[in-house]
Amino acid sequence: MTSKPLNHVLHPYINYTNLRSLILISIVFLLRSLEHKLELVPMASNLDKGLIVSFGEMLIDFVPTQSGVSLAESTGFLKAPGGAPANVAIAVTRLGGRAAFVGKLGDDEFGHMLAGILRENGVEDKGINFDKGARTALAFVTLRSDGDREFMFYRNPSADMLLRPDELNLELIRSAKVFHYGSISLITEPCRSAHLKAMEVAKEAGALLSYDPNLREPLWSSPEEARTQIMSIWDKAEIIKVSDVELEFLTQNKTIDDESAMSLWHPNLKLLLVTLGEKGCRYYTKGFHGSVEAFDVNAVDTTGAGDSFIGAFLSQIVDDQTVLEEEERLRKVLRFANACGAITTTKKGAIPALPSECDALSLLKDK
């Protein structure tokens, strides 16, 4: 007996296309049934999450392919996209959050490459401007044998320094639940005025202000000028993250302890974070303070670790800021942030090393 093709056997109103649709619909109903029986909570879509707007610079880091050598001694460099505010934005989206970047890039190949990297990583690009008269900033980063860095910058001026207040996308800034920024954008005009304007607009719209000074001494005319300008906006921020090196620089006190940290406290502050590298981090609020241990990993490059840490932290609290008032929950979030920072040190470059949520949860599970 000669067998007939399948489409001859099927009901005349069912063809292959309809059959595929029926199978897909059946799978969807099955999954929803299982979700109900297992009492699972569906994951919120990215669009349901609060927006974190990150303001400032984005640049190209050139990292030596060898560790523990000077820039002159290095035989080659790895090109890596970077810039603390951009790192934070991508750290957020890598973890499933929603972020936008506000800043200025050169209208050159590097600038358009960086804008493309932001888009590829899911960062909203409506706040990006391009400057035809200035280049995208470059930084050569020396990796010492201990994994710490020294910087040599090429930005005289670079495009990020030339962002004007009238170029800001105010609608985007007003939509932020968290507005995050550093201090490099305070160094020169017109970017300083743009920075102050963006902060003002974000605050008036109800955003939580997050400040990571991200000290780069070679960019400032003097240490005194750096301290003055960094502290000029200090009392506006509600979350501040500093490294142990920055704490020492700002307080001019080589002792890293609670007293030194609390000398930076101000009445509007909700949380002060001090990152301690391989020793973890400390946290300070109005009601409690403490420390959270780090993770033991094979660190090869600390570039971007602090940005990964604060990006992870903000991604966890953007939609529930009551975490800042409950120590047990805050400690869990900081442990997650420590995991993200640790993972970032295991690869060279900042953005290429930023972890996914799966990476962070895997480290937490293993430890």
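**Notebook: strand β1, two cis prolines, two positive phi values and H266**

I began with a strand pairing: I52 has V178 in β8 as its bridge partner. The model I am reading is predicted.

**Entry 1: strand β1**

I followed that pairing along the strand. β1 and β8 run parallel and share four bridges. I then looked for a second partner and found β4, residues 98-106, also parallel to β1, with five bridges between them. On that side I noted V53, whose bridge partner in β4 is A100.

Next I checked side-chain directions. L51, V53 and F55 point one way from β1. I52 and S54 point the other way. Is β1 enclosed or open? Five of its five residues, 51-55, are buried, so I put it down as largely enclosed by the rest of the structure. The residues on both faces of the strand are buried, S54 among them.

**Entry 2: cis peptide bonds**

I looked up two cis bonds, each leading into a proline. One joins N156 and P157, with omega about -10°. I placed P157 in the loop that runs between β7 (149-154) and α5 (170-174).

The other cis bond joins E189 and P190, and here omega is about 5°. P190 sits in the loop between β8 (178-181) and α6 (191-204). That β8 is the strand I had already paired with β1.

**Entry 3: positive phi outside glycine**

N214 is not a glycine, yet its phi is positive, about 50°. I found N214 in the loop between β9 (208-211) and α7 (223-232). Is N214 buried or exposed? Its relative accessible area is 10%, under the 20% cut-off, so N214 counts as buried.

Q252 also has a positive phi without being a glycine; the value is about 55°. Its loop lies between α8 (244-251) and α9 (258-262). The relative accessible area of Q252 is 60%, over the 50% cut-off, so I logged Q252 as exposed.

**Entry 4: H266**

I moved on to the loop between α9 and β11 (271-275), where H266 lies. H266 is buried, at 6% relative accessibility.

Which backbone oxygens lie by polar atoms of the H266 side chain? I noted the one of W234, at 2.9 Å. I also noted the one of A237, at 3.0 Å.

I then listed the contacts of H266, leaving aside neighbours within four places in sequence. They are W234, D235, K236, A237 and I240. W234 and A237, from the backbone-oxygen note, are in this list too.

Notes:
Residues numbered from 1 in each chain as written. Predicted model: local features only at pLDDT ≥ 70, side-chain atom pairs only at ≥ 80, totals over all residues. Heavy atoms only, no water. Helix = DSSP H or I, 4+ residues; strand = E, 2+ residues; numbered from the N terminus. Buried < 20%, exposed > 50% of the residue type's maximum accessible area, 1.4 Å probe, protein only. Polar contact = N/O pair within 3.5 Å; in protein donor to acceptor, adjacent residues only side chain to side chain. Contact = heavy atoms within 4.5 Å. Pairing = 2+ DSSP bridges.
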